[in-house]
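Here is a friendly walk through one protein model, meant to be read with the structure open beside you. Please keep the viewer at hand as you go.

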Amino acid sequence: MRQHRRTLRLLGSLLLVAMAASVTGAAPAPAASPTPLDRVIPAPASVAPGGSPYRITRGTHIRVDGSRETRGVGEYLAKILRPSTGYRLPVTAQGAGGIRLRLAEGPFGAEGYRLDSGRSGVTITAAKPAGLFHGVQTLRQLLPAAVEKDSVQPGPWLVAGGTIKDSPRYGWRGAMLDVSRHFFTVEQVKRYIDQLALYKINKLHLHLSDDQGWRIAIDSWPRLATYGGSTEVGGGPGGFYTKADYREIVRYASSRHLEVVPEIDMPGHTNAALASYADLNCDGVAPPLYTGTEVGFSSLCAGKDITYDFVDDVIRELAALTPGRYLHIGGDEAHSTSHEDYVKFMDRVQPIVAKYGKTVVGWHQLTGATPAKGALAQYWGLDGTSAEEKARVVKAAQNGTGLILSPADRVYLDMKYTKDTPLGLSWAGYVEVKRSYDWDPGAYLPGVPGGAVRGVEAPMWSETLENSEHIEYMAFPRLPGVAELGWSSAASHDWERYKGRLAAQAERWNALGIEWYRSPQVPWGAGGR
């Protein structure tokens, strides 16, 4: 009888709750809905939503084929998902269903992929491991932002049903990090690499030398690093990468399918080298180390044979450390080098790069000399750059020189957003989020053949940046837009639609612990708090 009364009381309580909900209009919490397939950045080439979502559960496996590369992508995915889901997510070559990563012939290219999602599982198919990796980045963005956290979250972990077919517009989607003005540790560079990978960036351009610091050990010229690397802007202790450090950066970048492009800036921006070795100066007198931010005052001595012995040694050692195809030789702001000496210098240095099996990349001032066959010129001019300078770049492109577009008043990530931005510079103007996104690389320089544009790159100069928080504040939210310009078709670029997708990224950045700028141009919603 006592049990019967308890049952009646419980039923009565439930009835009262139901009646209260009816009176107040309260409703049960809505079921979680998955992120739509077209909400990711960069925008995919083709999206066909439909069917039931897939739910990652305690029983989910990550299934890979027998290749080492595919298993590596699977382990990477598992490492992201395990902390937040709390699931084991074993990576296995056995069974069916779950999350499947497969390499197969198909119309994917080197970096494209297909993602199919339905009730029984998610399959990512690509012709190359890079495509699988990029597909995994899309899968991350289709899951709730809490999947990025390093502690167990409640879920549910739903992936919308349907199919994405995707491949990039350009093969060069880069980000440059200046480690010379301020030095950044291996771990800080790795953190940035992980952030770049999320948006399918595939080139990490490291600016390894400048007036304020030389950052890579060169065995044949040891004082470059030990003395030339001993300071930075403002007089801090600086630093440099040992060869083992540099190899670790290259290895880590490769594991995220980024190719490292090292830069030794010359013949200008060379005070750290000139201070380290007096013989590199035309007068044989070493200048003091430099910790300011002015540019254009230094130059290697184009008329001395030792200059080219130096360049040969540096490029030989750096090329041996770098498995990628490219080596950047700078070439900008050589205001203390006469035009005649600049041309002479580039005519001698470019063949050295080729001798050691690399392709020349230079800032667009390289077009003032004769770019080597196959060389790439990185354009960093402004909308307002002189017609004469633009015409020289256009002519070089018409003659076969490939272009990487990095217009400073669009994609220099160290430019202030507004006059009130506490970090960064403003010599190229203020660059808010819309401005950094709202342009077309394929049409930016009229007269350039379409095939000459190889892609885009977002440089991050570090005169005012001292740590990862500074890097992130200037990169986010602009970096994802540059990534989309490089990956997605021109027809998909639409600011009004893009800013909504960008706003949805805020919760992910919060979950990842990324410092970012709350631009008033973007409707951030709850994620912007």
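Gly86 comes right after helix 2 and has a positive phi, near 75 degrees. Helices here are DSSP runs of H or I with at least four residues, strands are runs of E with at least two, and both are numbered from the N terminus.

Before going further, a word on the source: this is a predicted model, in which local features need pLDDT of at least 70 and side-chain atom pairs count only at pLDDT 80 or more, while totals for chains, interfaces and linings use all residues. Residues are numbered from 1 along each chain as its sequence is written, and side-chain values use heavy atoms, with hydrogens and water left out.

**Helix 2 and its surroundings**

Helix 2 covers residues 68–85, 18 residues in total, and spans 25 Å from its first C-alpha to its last. That is close to the expected 26 Å, where the expectation is 1.5 Å times one less than the number of residues. Its buried residues include Val73, Tyr76, Leu77, Ile80 and Leu81; buried means under 20% relative accessible area, exposed over 50%, and partly exposed in between, with a 1.4 Å probe and protein chains only. Among the elements that cover these buried residues are strand 3 (62–64), strand 5 (98–103) and helix 3 (129–142).

**The sheet**

Seven strands make up an open sheet with mixed pairing, in the order 1-9-6-7-5-3-4. At its edges are strand 1 (46–49) and strand 4 (91–92), each pairing on one side only. Two strands count as paired if DSSP finds at least two bridges between them. Strand 1 and strand 9 (residues 162–166) run antiparallel to each other over four bridges, and Val47 stands opposite Ile164 of strand 9. In general, strands of a sheet pair through backbone hydrogen bonds, either parallel or antiparallel.

**A buried proline**

Where does Pro477 sit? Look in the loop between helix 13 (468–475) and helix 14 (478–487). Pro477 counts as buried because its relative accessibility is 1%. Beyond its neighbours within four places in sequence, Pro477 touches Tyr417, Val433, Tyr498, Leu502, Trp509, Tyr517 and Trp524, a contact being heavy atoms within 4.5 Å. Pro446 is 31 residues away along the chain, and the C-alpha atoms of the two prolines are separated by 28 Å.

**Salt bridges**

How many salt bridges does the whole structure hold? A search finds 29, each being a side-chain nitrogen of Lys or Arg within 4 Å of a carboxyl oxygen of Asp or Glu. Three of them are listed here.

| Pair | N to O distance |
|---|---|
| Lys190 and Glu187 | 3.6 Å |
| Glu317 and Lys243 | 2.7 Å |
| Lys499 and Glu496 | 3.1 Å |

The Glu317 and Lys243 pair links distant parts of the chain, 74 residues apart, with Glu317 in helix 8 (residues 305–321) and Lys243 in helix 6 (residues 243–255). Glu317 is buried at 7% relative accessible area, and Lys243 is buried too, at 16%.

Lys190 and Glu187 both belong to helix 4 (residues 186–198), three residues apart, or about one turn. Lys190 is buried at 12%, whereas Glu187 is exposed at 54%.

Lys499 and Glu496 are separated by about one helical turn because they lie three residues apart in helix 15 (residues 495–503). Glu496 is exposed, with a relative accessible area of 51%. Elsewhere, Asp178, Arg181, Asp210 and Glu463 are joined into one network by salt bridges that share partners.
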